[in-house]
Every structure is written in structure tokens, then in C-alpha cells.
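The following exercises are to be worked with the sequence and the model side by side. Each task is followed by a solution in steps.

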Amino acid sequence: MAQATTTLQQDLFEIPAEEEPPGHLANEVEEPPSLRLLRNRKKFFSGVPDASWNDWKWQFRNRITSIEALSKLIPLSVRDQINMRLVAEKYPLSITPYYFCLINHNDPHDPVRIQSLPAIEEIALAGILPEDPLEEERDSVVPGLVHRYPDRVLLVVTDICPMLCRHCTRKREWRRGRWVRTPSEIDRMADYIASNPGIRDVIISGGDPLTLSNRQLESILQKMRRIEHVEIIRIGTRVPVVLPQRIDDELCRVLSKYEPIWLNTHFNHAGEITEEARAACNKILRHGIPINNQSVLLAGVNDTVEKQLSLCHNLLKAKIRPYYLFQADEVEGTEHLRTSVEKGLRIIEGMRGHTSGLAVPTYVIDLPGGGGKVPLQTSYLVSRADGELVFKNYLGKIYRYHNPRMLASVGSRNGRRKPNDSQMALEMAVA
Ligand code: SF4
């Protein structure tokens, strides 16, 4: 993933007065996700024995992929059905029975529902955003391999996902049918990496690479591990969230053979962190594979301080590090799910200091046009003069800090003060 180099100051923004502050939801009583799962499973899939339910291949085969199948499970008005069919023609749906059972079906604004069921806004707002704002295809040096940063590459090995997330950055791929890179395509990627010794970090992504068989996955991992200068391999997957049954001992054994491997997953809401998801993550961790979470800031899903705190605290309880909170990309078919950057900054400000630093993800924006990721954060530096820096803390209280006295004399020539690098960096930070 991208390493950020630029800091954006909050005071560059005039936060509009009418912007709804990311508030706290009073009196919201959430049903524990595992209880909801159990209740919904009994209601919708009562005849399915445990052996099938816990078999990831059964879950995959029985995904809900049509409006007809969906309308047999939950009541949908004729209008909803027509709208969803129109959307699904352009952006198909796919929901595992497991993930479907995490939805609170009494709440039309349920965060799991928002992420998984087609919404008319996906096509009603068509044409205002690009399909590939990050220009991944422009940066594809061989088919499926994106080389944007000097030391790392992204391998898009399939476009198949167990669940099609309505906010997906690679929605454009859904219309191309289902594909998996062939062994010879993987060989071309490996050849490219082998001939570029500066590449030390390989990210295997998709689609979801854990939809591949263990044999296919192992073949890719072997090819990457044969390249001496590849130090780490990262796997980007939403399987722990939408299909935790896939995480079995056999898969973990395969992954652990090719360490160091890091797994990046994508929980967006605390309602996704069930006992099953926790157990799957624990299995991965016990095989020596650290897990980071990369969530996306989504309107109605996780765009309040309270929801983010709940998500991050539950991630930490599951021993998953909240790594990134992404500002949603400007992708066609997702406009209704985006929030403003100002709101995102307010959320992070509402978390920082109010909980441990470990629970606060780095808020980043992936710049359109292939500019890469940059972090977004509020500035706590209020002013600086004559070596004295003035900060506000998370409660808004003011504190002063003095630079080492030596700093003031460094670079002094003939009475004219020339700032060194540290001073220049500070000048820029308060500018
Ligand atoms: S799992 Fe990732 S790649 Fe697949 S649909 Fe969801 S966001 Fe897109």
C-alpha cells in the first residue's frame, strides 16, 4: 500500500457551518452481530445443516445473485424490484448467505445493507464520476500488475469476490465477466518483478485473491517467493468479513509457508465483527500472519465518531490493527456513499486523544489521477515564533513547547539566520 508523504492541514479548510457534525448517536441499542446472524440464519436458512453453512464452498455457491432470489427472502416493493433490476444490469449483486444474515432487515438504512444491496443512486448519478479515477489501468505495466511506487507493486489476480461491495473502487471490472489470471499471466508478472530489483513489497489483490483455490494461491506465492528481492507479501482480502468460513487450517498452512505475509482486510462497521469473523482472524494470527484493517469512510455506514470508535475498538479486541481509513474514491456508481473530507477530518479529530493512538487509523485519500495516497489530519500546531511552538491539545487547551536553543544558531551567517531543514519543515507545517 502507499506510504504517505504529505500532510494536509485542517486550517486549509473552511468547514461549512451547515455541515452536519459527526455526532454521537444517542440511545442506539445495537444487537450483537453474532445474535443477529443466528436469528437471521434461523429465519432465512433454517434447513441448512451446520456442515453446509460452515463450508465456504456452500456459502460461495449459494450467494444471492439475483433480485428474484432476493425478493424471495425479504419483502421488496415492485418499485424496489424494478430499480434494483436496473442497477443490477450494470452493477450485479452478490451476497453470501452469511453476510446477508448480518443485515438488520427492519432497518432500510442498515450499514450492512447499504454495503451489499443495489441502490438506484448507483445509476441515477451515472456519468458524473470516472470509472477508474486512480488510473490503475494506465499504471499497469503488464496485464494485472500496477507499478506506481518504486518499491511495491499491486497484483490484480482475479475480479471474483464473494460479496460485491456497492462502494468498490474496481466496479468497472464487474462488467467484464469473471476472470482469473492464467499461470502464464502470473509468470509475466513474476518476470517483471524479478527484473526490477527495487521491488521489495508485493500486494496480491483482486477482486478477492482468497476466492482462488489453495493450489492456485500457492502457485502465485511460490512464484513471488522465488524472487530474492521480494521481502514481504501482502494479501488484500475481504474474506474475513464476508466469508470467514474460507479461513481454514489448510489455507493458513499454505499462507504461513511463504512468510512474511501480511493480511489487509476491510471491516467497515462493528456489526461485521461476529464471533465467526473473530475466530477466522484468530486462526490467521496464530499462523503468524499479522492483520491490518483498511476501512472506507462511507455515508450512512461509518461516518460518525461513535461508529468509528466502535469499529476500531472492536477491531483491537479482535487483535486487528486499524490501519487506514480511506476517503472514498471518486468512482462512478458510488457518489451517494461518499462523504466530505471535512467531515472525515472532524471524525478523526473526535477520535484522536479521546482513545488510544492504536485505535485511530491513518485517514488517507488516494489522489485521483494516480497521485498516490496522502494522509489527512488536523493540525495541532497553532503558531511558531522565536523557537516557541504553540499547540492545542485534543481538548482545545493551549500548550507551549520550546525548541532546543542550538537550533536558533544553526545556519547563522553574518547575523543573517538561515533556517535548517527542521525549521523549514516547521515553517511549511504552520503555513
Ligand atoms: S471485496 Fe474489495 S474488490 Fe471485492 S467488491 Fe468488495 S471492495 Fe471490491
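**Exercise 1. Overall composition**

How many helices and how many strands are there in the chain?

*Solution.* The model is a predicted one, in which local features need pLDDT of at least 70 and side-chain atom pairs count only at pLDDT 80 or more, while totals for chains, interfaces and linings use all residues. Residues are numbered from 1 along each chain as its sequence is written.

Step 1. Helices (DSSP runs of H or I, at least four residues) and strands (runs of E, at least two) are numbered from the N terminus. The chain has 17 helices and 13 strands.

Step 2. A residue is buried if 20 or more other C-beta atoms, placed from the backbone, lie within 10 Å of its own, exposed if 12 or fewer, and partly exposed in between. Of the 431 residues in the chain, 38% are buried.

Step 3. Two residues are in contact if their C-beta atoms, placed from the backbone, lie within 7 Å. Of the contacts between residues at least 6 apart in sequence, 78% join residues at least 24 apart.

**Exercise 2. Confidence**

State the average pLDDT of the chain and examine two stretches where the pLDDT is below 50.

*Solution.* Step 1. The average pLDDT (the predictor's confidence in each residue, from 0 to 100) is 88, and 87% of the residues score at least 70.

Step 2. Residues 1–28 have a pLDDT below 50, and this stretch has 41 contacts in the model beyond near neighbours in sequence.

Step 3. Over residues 411–419 the pLDDT also stays under 50. For this stretch the model has nine contacts beyond four places in sequence.

**Exercise 3. Two helices and their buried faces**

Which residues of α10 and α9 are buried, and what do they pack against?

*Solution.* Step 1. Helix α10 comprises residues 214–225 and reaches 16 Å from its first C-alpha to its last, close to the 16 Å expected at 1.5 Å a residue. The expected span is 1.5 Å times one less than the number of residues.

Step 2. Leu-217, Ile-220, Leu-221 and Met-224 are buried in α10. These buried residues fall within an arc of 95° when seen down the axis of α10, so they line one face of the helix; the arc is that of the directions from the helix axis to the C-beta atoms.

Step 3. The cover over the buried residues of α10 includes α9 (183–194), β4 (201–205), β5 (232–236) and α12 (249–256).

Step 4. Helix α9 has 12 residues and spans 16 Å between its first and last C-alpha, close to the expected 16 Å. Its buried residues are Ile-186, Met-189, Ala-190 and Ile-193. Seen down the axis of α9, they lie within an arc of 100°, so they line one face of the helix.

Step 5. The buried residues of α9 pack against β1 (140–142), β2 (145–149), β3 (152–156), β4 and α10.

**Exercise 4. The ligand shell**

Identify the residues around the ligand and sort them by character.

*Solution.* Step 1. A residue is near the ligand if its C-beta atom, placed from the backbone, lies within 6 Å of it. The residues around the ligand are Cys-161, Leu-164, Cys-165, Cys-168, Arg-170, Gly-206, Gly-207, Asp-208 and Arg-238.

Step 2. Ala, Val, Leu, Ile, Met, Phe, Trp, Tyr, Cys and Pro count as nonpolar, Asp, Glu, Lys and Arg as charged, and the others, Gly among them, as polar. The shell divides into four nonpolar, two polar and three charged residues.

Step 3. Gly-206 and Gly-207 are joined by a cis peptide bond, with omega about 25°. Gly-207 lies in the loop between β4 and α10.

**Exercise 5. Backbone exceptions**

Where else does the model depart from the usual backbone geometry?

*Solution.* Step 1. Most residues other than glycine have a negative phi, and most peptide bonds are trans.

Step 2. A cis peptide bond joins Glu-259 and Pro-260, with omega about 0°. Pro-260 is in the loop between α12 and β6 (261–265).

Step 3. Lys-319, although not a glycine, has a positive phi of about 65°. Lys-319 counts as partly exposed because it has 13 C-beta neighbours inside 10 Å.

Step 4. Asp-386 has a positive phi of about 50° and is found in the loop between β11 (381–385) and β12. Asp-386 counts as exposed because it has 7 C-beta neighbours inside 10 Å.
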